[in-house]
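Please read the following account with the sequence and the structure open side by side. It goes through the strands and then the helices, and ends with two residues of unusual backbone geometry.

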Amino acid sequence: MEKSIYFLQKPATVSIETFRDSLLNKLVPHLQSLGASQLTINIADLNPSIQEQAPSRLIGPWQRLSAAVSFWHDCLDQRAPLEASLADISDTIIGYLVTESVPQVFDPVWEGGQRRPGVTQFGANGKPQDVSDEAFYHNWQVLHSTSSFDLHPLRWSYVRNAVARPLTADAPAYRAIVCEHFRELSDFTDDERYFGSQEAVVAMLKELPGFCDFNNMVSLATSEYYFR
């Protein structure tokens, strides 16, 4: 089994609500019929609230990401029909083959089309040029993943995806794609709830240059849906 993640940009003439309904009601069943399983749909339909309450949570070219679709499939070589289905509904698709780790596990009891309570912070970033592969993975997967529990004590779950390679042309050079979920919107928008302590924030700022390319990072808030 292999996991893929695709970034989608909705057509300009389509509302995010209409795009969301098409993803959940049309795209998901079609992908499942083609063999995709364990689908997670992250939809950027919270932007107005986030811009008003916590604009600093929106980083990089977040306006270009309307949704992210991830799923597992038996064989990467047979992805063409899956990508065609994504392209039919989206203006652009950007895809990555990833390896998944779940440092903070959860039970998706809302599966089957129900919106997951709260909000998912969806983010991606590349590797700084002056950081070796070995240092990148150590800084991100060992040091930062451990300290992130102190940074976000109210976080519900943490899914970490390391990019194995891009699947589509002109894909940004992302090496890390993460989903961090919070049970309530205020856990995400309120700095006193989002951050565990000032010391944890200082530690995070020291860690970031060791694994994050600030020139291409993106981070935004999304609604999440899961289908087995």
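In strand E7, Ala176, Val178, Glu180 and Phe182 point one way, while Ile177, Cys179 and His181 point the other way, and all of them are buried. E7 is thus a mostly covered strand, with 7 of its 7 residues buried. The model in which this is seen is a predicted one.

E7 has a strand on either side of it in the order E5-E7-E6. With E5 it runs antiparallel, and 7 bridges join the two. One point of reference in this pairing is Phe122, which stands opposite Cys179 of E7. E6 and E7 are likewise antiparallel and joined by 7 bridges. Here Asn161 has Ile177 in E7 as its bridge partner.

These pairings are part of a closed barrel of 8 strands, in the order E1-E3-E2-E8-E5-E7-E6-E4, with antiparallel pairing. From one strand to the next, the twist averages 30 degrees. Helix H4 (residues 133-151) packs on this sheet and touches four strands: E4 (92-104), E5 (119-126), E6 (155-166) and E7 (176-182). The direction of H4 makes about 170 degrees with that of E6.

Elsewhere in the barrel, strand E2 (residues 37-43) runs antiparallel to strand E8 (residues 213-227), and 5 bridges join them. In this pairing, Asn42 has Glu224 in E8 as its bridge partner.

What does H4 meet apart from the strands? The buried residues of helix H7 pack against H4. H7 spans residues 198-207, and its buried residues are Ala200, Val201, Met204 and Glu207. Because these residues cover an arc of only 125 degrees around the axis, they are on the same side of H7. The face turned away from that buried side carries Gln198, Glu199, Leu205 and Lys206, which are exposed. An α-helix has 3.6 residues a turn, so residues three or four places apart point the same way.

Two packed helices are described by the angle between their axes and the distance between the axes. For H4 and H7, the axes come within 9 Å and cross at roughly 155 degrees. An angle over 145 degrees counts as roughly antiparallel, and H4 and H7 are therefore roughly antiparallel to each other. Their crossing is left-handed. On the H4 side the contact is made by Leu143, His144, Ser147, Asp150 and Leu151, which meet Ala200, Val201, Met204 and Glu207 in H7.

A second helix pair is formed by H1 (residues 16-33) and H3 (residues 80-89), whose axes come within 11 Å and cross at roughly 160 degrees. That angle makes H1 roughly antiparallel to H3. The crossing of H1 and H3 is right-handed. In the contact, Phe19, Ser22, Leu23, Leu27, His30 and Leu31 of H1 meet Leu82, Ser85, Leu86 and Ile89 of H3.

Which residues of H3 are buried? They are Leu82, Glu83, Ser85, Leu86 and Ile89. Seen down the axis of H3, these buried residues fall within an arc of 155 degrees, so they line one face of the helix. Ala80 and Asp88, on the other side of H3, are exposed. The buried residues of H3 are covered by elements including strand E1 (2-9), H1, strand E3 (67-73) and E4. The cover of H3 thus includes strands as well as a helix.

Two residues remain, and both concern the backbone. Most residues other than glycine have a negative phi, and most peptide bonds are trans. Gln38 is not a glycine, yet it has a positive phi of about 50 degrees. Gln38 is found in strand E2, the strand that is joined to E8 by 5 bridges. With a relative accessibility of 37%, Gln38 counts as partly exposed.

Asp170 is the other case: it is not a glycine either, and it has a positive phi of about 65 degrees. Where is Asp170 found? It lies in the loop between E6 and E7, two strands that run antiparallel. Asp170 counts as exposed because its relative accessibility is 77%, and the cut-off for exposed is over 50%.

Terms used:
Residues are numbered from 1 along each chain as its sequence is written. This is a predicted model: local features need pLDDT of at least 70, side-chain atom pairs count only at pLDDT 80 or more; totals for chains, interfaces and linings use all residues. Side-chain values use heavy atoms; hydrogens and water are left out. Two strands pair if DSSP finds at least two bridges between them. Axes are lines fitted to C-alpha atoms, for helices over the stretch in contact, and angles run from 0 to 180 degrees between N-to-C directions. Contact means heavy atoms within 4.5 Å. Buried means under 20% relative accessible area, exposed over 50%, partly exposed in between (1.4 Å probe, protein chains only). The arc is that of the directions from the helix axis to the C-beta atoms. Angles under 35 degrees count as roughly parallel, over 145 as roughly antiparallel, 65 to 115 as roughly perpendicular and the rest as oblique. A crossing is left-handed if the near helix is turned anticlockwise from the far one by less than a right angle, and right-handed if clockwise.
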